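Hello,

Here is the structure I promised to pass on. Please have a look, then read my notes below.

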Amino acid sequence: MTYIKLLFCCTFMLLSINALAGKTPETTLSDNDIINNNYKTFHAGFESLDLDFINKIYTDDATYISEVLDQEIVIGKQNILDLYTVFFKKIAKKDAHIEVDFRVINRELTESSATDVGYYLVRFHPRKETGDPTSVFSGKFVLVSRKTAKDQWQFIVDSNTKTDPKYYFTAKPVSNLYYGRQFNQAPKPDIIVETESEPNTQQPIDSTDAHNH
């Protein structure tokens, strides 16, 4: 009996020590969580103008379909990265700052693929010394992701068109889907907003560049 009590006490002590040490079972991210994290990576790449972030989220055979009339369909991750290289260099040369975020309103998810539909918003902040206003660009997107490995999803199709920013701001959050919250207020009067019906002739960067999201 004494031996059993001793064994019980030792077991209890070990469990208590583990609890105090904060040892908890590893949590496994769901497919929705992993796909949602890719949007955060996208955002980080724009914030830092770092291609390494963009490189992580596209498959090698990814396809990019822009809304720009005079741009062909871009096939292959390296060709997509080449577009971002030019874009990021333009932003860096102007010593400007750019932000992007997304709101997914629908996702069709299977074991190996996911199709997201939603809105994106881009804000271009020129160097303060220029005195130029912030510019806002917005669009609709379709992003198809493929499960490339265990706990890894990457974009295989990226397609977008322009739209009025109001649709980004009025989009409602959907359970388990990415919903960017860094842009919670509609643009102020001193911010230039580009829409299809009101093209912005004072934009500091080409709209074609701004929509290479």
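**Two loop residues**

Asp 95 is exposed, with a relative accessible area of 52%. Please keep in mind that this is a predicted model. Asp 95 sits in the loop between α4 and β3 (97–109). Its phi is positive, at about 55 degrees, although Asp 95 is not a glycine. Most residues other than glycine have a negative phi.

Asn 176 also deserves a look. Its phi is near 75 degrees, again a positive value in a residue other than glycine. Asn 176 belongs to the loop between α5 (166–170) and β7 (192–193). With a relative accessible area of 52%, Asn 176 is exposed.

**Aromatic rings**

How many aromatic pairs does a search of the whole structure find? The count is 19. Take Tyr 39 and Phe 141. Their ring centres are 6.1 Å apart and their planes stand at 50 degrees, so this pair is tilted. The two rings link distant parts of the chain. Tyr 39 is in helix α2 (residues 31–48), while Phe 141 is in strand β5 (residues 135–149). In sequence they are 102 residues apart. Tyr 39 and Phe 141 are both buried.

The two also belong to one aromatic cluster. Its other members are Phe 42, Phe 46, Tyr 58, Tyr 84, Phe 87, Phe 88, Phe 102, Phe 155 and Tyr 178.

One ring has a charge over it: Lys 56 lies over the face of Phe 53, at 5.4 Å from the ring centre.

**Helix α2 and its contacts**

Two packed helices are described by the angle between their axes and the distance between the axes. The axes of α2 and helix α4 (residues 77–93) come within 10 Å and cross at roughly 45 degrees. That crossing makes α2 oblique to α4. Which residues make the contact? From α2 come Phe 42, Gly 45 and Phe 46. From α4 come Tyr 84, Phe 87 and Phe 88. By type, the residues of this contact are five nonpolar, one polar and no charged. Phe 42, Phe 46, Tyr 84, Phe 87 and Phe 88 are also among the members of the aromatic cluster.

Thr 41 is in helix α2 too. Is Thr 41 buried or exposed? Its relative accessibility is 18%, so Thr 41 counts as buried, the cut-off being under 20%. Leaving aside neighbours within four places in sequence, Thr 41 is in contact with Phe 53 and Ile 57. Phe 53 is the residue whose ring face has Lys 56 over it.

Best wishes

Notes:
Residues are numbered from 1 along each chain as its sequence is written. This is a predicted model: local features need pLDDT of at least 70, side-chain atom pairs count only at pLDDT 80 or more; totals for chains, interfaces and linings use all residues. Side-chain values use heavy atoms; hydrogens and water are left out. Rings of Phe, Tyr and Trp (its six-membered ring) pair if their centres lie within 6.5 Å; planes under 30 degrees apart count as stacked, over 60 as edge-to-face and the rest as tilted. Helices (H or I, at least four residues) and strands (E, at least two) are DSSP runs, numbered from the N terminus. Buried means under 20% relative accessible area, exposed over 50%, partly exposed in between (1.4 Å probe, protein chains only). A charge sits over a ring if NZ of Lys or CZ of Arg is within 6 Å of the ring centre and within 35 degrees of the ring normal. Axes are lines fitted to C-alpha atoms, for helices over the stretch in contact, and angles run from 0 to 180 degrees between N-to-C directions. Angles under 35 degrees count as roughly parallel, over 145 as roughly antiparallel, 65 to 115 as roughly perpendicular and the rest as oblique. Contact means heavy atoms within 4.5 Å. Ala, Val, Leu, Ile, Met, Phe, Trp, Tyr, Cys and Pro count as nonpolar, Asp, Glu, Lys and Arg as charged, and the others, Gly among them, as polar.
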